[in-house]
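Let's take a walk through this model together. Have the sequence and the 3D view open, and we'll go from one spot to the next.

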Amino acid sequence: RRILKEAVFVDSDGALIPRATVVGLIQAIREFRERMLISCWYMAEAESDGMWRVYGGGSGVAVKSSIGRLKDSLRTEYRFMIGAISYADYKTATIPMGNLFWPFVHKRQEFSHEREVRVAIANHYVPDEDPVMSYQIPGVQSGLEIATDLSVMIDEIVVAPDSPDWYIYVVKGLLSRCGVEKEVRSSEQAAVPVWELDVEEQEQS
């Protein structure tokens, strides 16, 4: 409360924003947070040992996709947003105003190792026939099931580095039952390092 009282608020153009506007927006964001439905993804060129340890365990799988595949695979009438998270020092940084989605693509810099991408759907919609009105999505409590074309979404499936050899065949079987034919492979972390391969080849020769 003390910080809010003493702060000076400006928009992206440097113009002052009325305090009442800022307070109203903060209240709206707090209410909006209860309606936000989010799916979280990890985005990087390489795998993360930390992510495997936190989320993979010994029997986890990673679905490899892309922003384009993810966007094209979702079959829903509701508007959704896909965006990469911006990590910031909350002691000094400010979140841009004017868009209620902005707070949901910002996180503390301490979480930057997650390299997160989010798919977000607000639990409300504006009907085309009455653009002034806003409604909550019917029947939604803590989540929303969305039809997804797995053949479009999935590029390949990667199994956890410490999973047993037979686990790949189980995952392949599940995909086949769903009518999805995609590559299933072990994590790159389970691969034998190049220098060890060289040693084995020398010993065989």
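Is Gly-56 buried or exposed? Gly-56 is buried, with a relative accessible area of 9%. Here, buried means under 20% relative accessible area, exposed means over 50%, and partly exposed is in between, using a 1.4 Å probe and protein chains only.

**What you're looking at**

This is a predicted model, so local features need a pLDDT of at least 70 and side-chain atom pairs count only at pLDDT 80 or more, while totals for chains, interfaces and linings use all residues. Residues are numbered from 1 along each chain as its sequence is written, and side-chain values use heavy atoms, with hydrogens and water left out.

The pLDDT is the predictor's confidence in each residue, from 0 to 100. The chain averages 81 on that scale, and 77% of the residues score at least 70. Confidence is lowest in helix 1 (residues 2-6), with a mean of 46, and highest in helix 4 (residues 67-73), at 96. Over residues 1-8 the pLDDT is below 50, and this stretch has 8 contacts in the model beyond near neighbours in sequence. A contact means heavy atoms within 4.5 Å.

In the chain there are 7 helices and 10 strands. Both are DSSP runs numbered from the N terminus: helices are H or I with at least four residues, strands are E with at least two. Buried residues make up 25% of the 205 residues. Among contacts between residues at least 6 apart in sequence, 66% join residues at least 24 apart.

**Helix 3 and its two sides**

Back to Gly-56, which is found in helix 3. The buried residues of helix 3 (residues 49-56) are Met-51, Trp-52 and Gly-56. They cover an arc of only 100 degrees around the axis, which puts them on the same side of helix 3; the arc is that of the directions from the helix axis to the C-beta atoms. On the other side of the helix, Arg-53 and Val-54 are exposed.

What covers those buried residues? The cover includes strand 1 (36-42), strand 2 (61-64) and strand 9. Leaving aside neighbours within four places in sequence, Gly-56 itself is in contact with Met-51 and Ala-160. Its C-alpha atom is 9.3 Å from that of Asp-162, although the two are 106 residues apart along the chain.

The ends of the helix have details of their own. At its start, a side-chain oxygen of Ser-48 reaches to within 3.3 Å of the backbone nitrogen of Gly-50. Just after helix 3, Gly-57 takes a positive phi of about 60 degrees.

**Strand 9 and its partners**

Now over to strand 9 (residues 156-159), which pairs with strand 10 (residues 183-186) in the parallel sense over 4 bridges. Strands count as paired if DSSP finds at least two bridges between them. Strand 2 and strand 9 are also joined by 4 bridges, and these two run antiparallel. Here are some of the residues that face each other:

| Residue | Opposite residue |
|---|---|
| Glu-156 | Glu-183 in strand 10 |
| Lys-64 | Glu-156 in strand 9 |
| Val-159 | Ser-186 in strand 10 |

Glu-156 and Val-158 point one way from strand 9, Ile-157 and Val-159 point the other way, and all are buried. Strand 9, helix 6 (residues 167-177) and strand 10 make a right-handed β-α-β unit. Right-handed means that, with the strands pointing away from the viewer, the path from the first strand over the helix to the second runs clockwise.

**Two more stops**

His-106 sits in strand 6 (residues 106-108) and is buried, with a relative accessible area of 11%. A polar atom of its side chain lies 2.7 Å from the backbone oxygen of Trp-102. Leaving aside neighbours within four places in sequence, His-106 is in contact with Ile-85, Ser-86, Tyr-90, Ile-95 and Pro-96.

Where is Arg-115? Arg-115 is in the loop between strand 6 and strand 7 (116-122). Its phi is near 45 degrees, a positive value in a residue other than glycine. At 47% relative accessibility, Arg-115 counts as partly exposed.

Methods: Polar contact = N/O pair within 3.5 Å; in protein donor to acceptor, adjacent residues only side chain to side chain.
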